[in-house]
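Me: Hi, could you take me through this structure with some questions and answers? I'm a first-year student, so please explain the terms as we go.

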Amino acid sequence: MAEPTPGQRRGRLAPYALLSPGMLWLVLFFLVPLASLLRMSLSTKRSRFDFDPSFSWDWSNYGDVFTTWGSQLGRSFLFAGAATLLCLAIGYPLAYWIAFHGGRWRNLLIGLVVVPFFTSFLLRTISWTVVLADNGTVVRALRGAGLTDVLRWLRLTDGDRVLDTPLAVIGGLTYNFLPFMVLPIYVSLEKIDARLVDAAGDLYAGGAAAFARVVLPLSLPGVFAGSLLTFIPASGDFVNAYFLGGTRSRMIGNVVQDRFLVQLDYPGAAAISLVLMAIITAAVLLYAKLLGTEELA
Amino acid sequence: MRPGAGRAVLTAVAAAVLVYLFVPIALIVVFSFNRPTGRYNLVWQRFTLDNWLHPLADPAINDALGRSLQVAAAATAAAAVMGTMVAIALARYRFRGGALVNLLLVLPLTTPEIVLGSSLALLFINRGVTRGFWTIVIAHAMFCVSFVAITVKARIRGFDWTLEDATMDLGAGPWRTFSRVTFPLILPGVLAAALLSFSLSIDDFIITAFVRGEGNTTVPTYVYGSFQRELSPQVHVVSTGLLVLSVAALGLSVLYQRRRT
């Protein structure tokens with residue numbers, strides 16, 4: 001585990017004193033609210049105008065999540081999964097190239113990957129409406145290549161539009177969370193000793209074999225972290241679906257936003273939030289098991 | 001395929017992905033120089049410097065910008081202090097419960113923002129706390145504490161704490177030791193974490209949407225709320241301005257660290 005740190009000491013009171021403000025903050029404003037959420041999810045809203053629902057072990061809110069909002073829930077994980085795979089497909093080559101061929105520009109290049117974080121998330125998403133506008137360059141190019149028919153057949157688009165379709169939402173999610181995929185993969189690739197790759201070559205491994213047997217396994221912790229940092233925010237997002245999607249691409253985040261902030265249906269919104277969190281936790285544990293947890297320590 | 005060809009393909013893919021990352025950013029900058037005909041600054045008409053000559057022309061945006069900057073400053077200050085204390089505790093001491101602390105730090109970062117936002121808003125509603133400026137600060141400080149603690153901890157891992165003992169041996173008290181030795185050494189890490197916190201806070205939309213209550217717009221909540229009616233070029237000006245300032249701050253902090261080492 002952690003390498004010995006010179007001068008590290010065994011503490012009695014000092015470490016707890018240092019920890020207490022930060023930990024107290026997280027308990028009060030992260031853990032306690034989750035308890036509020038659980039309690040509210042089991043409360044009953046007696047009428048549309050009952051804004052102070054009372055706790056009553058009411059499990060019906062959870063049933064509604066699947067019966068009423070099942071399609072939005074499924075779509076969220078589908079879109080988030082597709083965006084995560086796309087981020088991996090384009091983010092891994094970028095991270096690999098910067099780590100192994102970036103030379104003395106490596107820090108600058110990885111800095112460029114972070115620059116999008118310094119402009120508005122909403123405005124970046126809105127900018128895609130300009131790029132994907134009907135009769136814009138992108139849509140005309142797709143139409144020229146005959147791809148609009150293929151995309152429509154795949155049910156990714158409607159008519160020959162791209163805006164207001166699932167494709168636009170998946171593209172927006174991919175764009176917005178790409179840096180979260182690139183950064184952890186880069187960190188794990190950067191740590192790889194180039195001599196290991198040379199050694200694989202000396203042992204007659206070709207380029208592909210050296211990658212598959214040496215580089216890829218060593219970068220799996222980065223792939224794991226990057227996938228979580230992409231999939232989790234993407235599955236709960238409602239900004240991309242709001243600006244880029246149509247009625248056929250509303251996600252579960254849009255439902256929570258509408259239930260909570262517009263309809264003031266707190267029990268309903270609370271149950272959806274908790275189901276979302278439970279499914280994500282289960283998915284993360286399953287994924288950790290599939291990739292092999294011992295490599296991730 | 002020859003090795004050279006493989007590398008050329010890889011370079012082309014990497015370059016294309018970098019371009020993809022910068023397309024919307026370039027559009028934001030370009031559209032800050034646009035003179036739109038309607039209420040939406042989404043179709044290029046013609047070049048103008050007017051938006052930049054009157055960057056604060058829209059009072060609603062100024063109000064939102066002022067609140068965003070104040071929230072970010074307050075949340076960053078709180079998170080920098082609390083997060084750095086947590087990082088020092090984790091890096092410098094061996095104690096029971098370290099794993100639990102690390103788990104509690106990571107959990108807010110792996111929880112979807114709508115869950116963080118809706119649960120915190122419910123806490124405020126249940127306790128009868130009016131949602132406003134301070135509830136936004138509390139929420140932002142919550143996720144920023146985790147970011148600061150994790151970033152600073154990574155920076156000071158392997159730090160040689162015997163330097164503190166040496167300072168004490170030379171007769172300096174604990175406060176002098178901290179202010180003259182420990183603090184200058186951890187400062188670059190704390191500054192980098194603070195910069196990250198500030199940019200996370202100023203751009204946060206989802207959590208803010210839940211905990212802000214009526215009114216109390218920040219720049220992102222203003223953009224979302226007004227998009228039904230308009231998208232003024234001043235939004236692009238403000239966003240471009242913040243981009244330039246953040247990149248400048250990032251550049252300065254890199255230069256500062258380079259000079260020190």
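Reply: Sure, one term to begin with: a residue is buried if 20 or more other C-beta atoms lie within 10 Å of its own, exposed if 12 or fewer, and partly exposed in between, with C-beta atoms placed from the backbone. This is a predicted model, where local features need pLDDT of at least 70, side-chain atom pairs count only at pLDDT 80 or more, and totals for chains, interfaces and linings use all residues. Residues are numbered from 1 along each chain as its sequence is written, while chains are lettered from A and ligands numbered from 1 in the order in which they are written.

Me: Is Val106(B) buried, exposed or partly exposed?
Reply: Val106(B) is found in helix α4 (residues 98–106) of chain B; helices (H or I, at least four residues) and strands (E, at least two) are DSSP runs, numbered from the N terminus. Because Val106(B) has 13 C-beta neighbours inside 10 Å, it counts as partly exposed.

Me: In the loop between α6 and α7 of chain A, is Asp164(A) buried or exposed?
Reply: Asp164(A) is found in that loop, and its phi is near 65 degrees, a positive value in a residue other than glycine. It has 21 C-beta neighbours inside 10 Å, so Asp164(A) counts as buried.

Me: And Arg155(A), is that buried or exposed?
Reply: Arg155(A) is found in the loop between α6 (147–153) and α7 (166–190) of chain A. It has a positive phi of about 60 degrees although it is not a glycine. With 11 C-beta neighbours inside 10 Å, Arg155(A) therefore counts as exposed.

Me: Which helix of chain B gives the most to the side that touches chain A?
Reply: Two residues are in contact if their C-beta atoms, placed from the backbone, lie within 7 Å. On that basis, 71 residues of chain B are in contact with 67 residues of chain A. With 14 residues, the top contributor on chain B's side is helix α1 (residues 3–31).

Me: Which helix gives the most to the largest nonpolar core?
Reply: A nonpolar core is a set of buried Ala, Val, Leu, Ile, Met, Phe, Trp, Tyr and Cys residues joined through C-beta atoms within 7 Å. The largest one has 150 residues, and Ala95(A), Ala141(B), Met142(B) and Val145(B) touch the most other members. Giving 17 residues, the leading helix is α3 (residues 59–92) of chain B.
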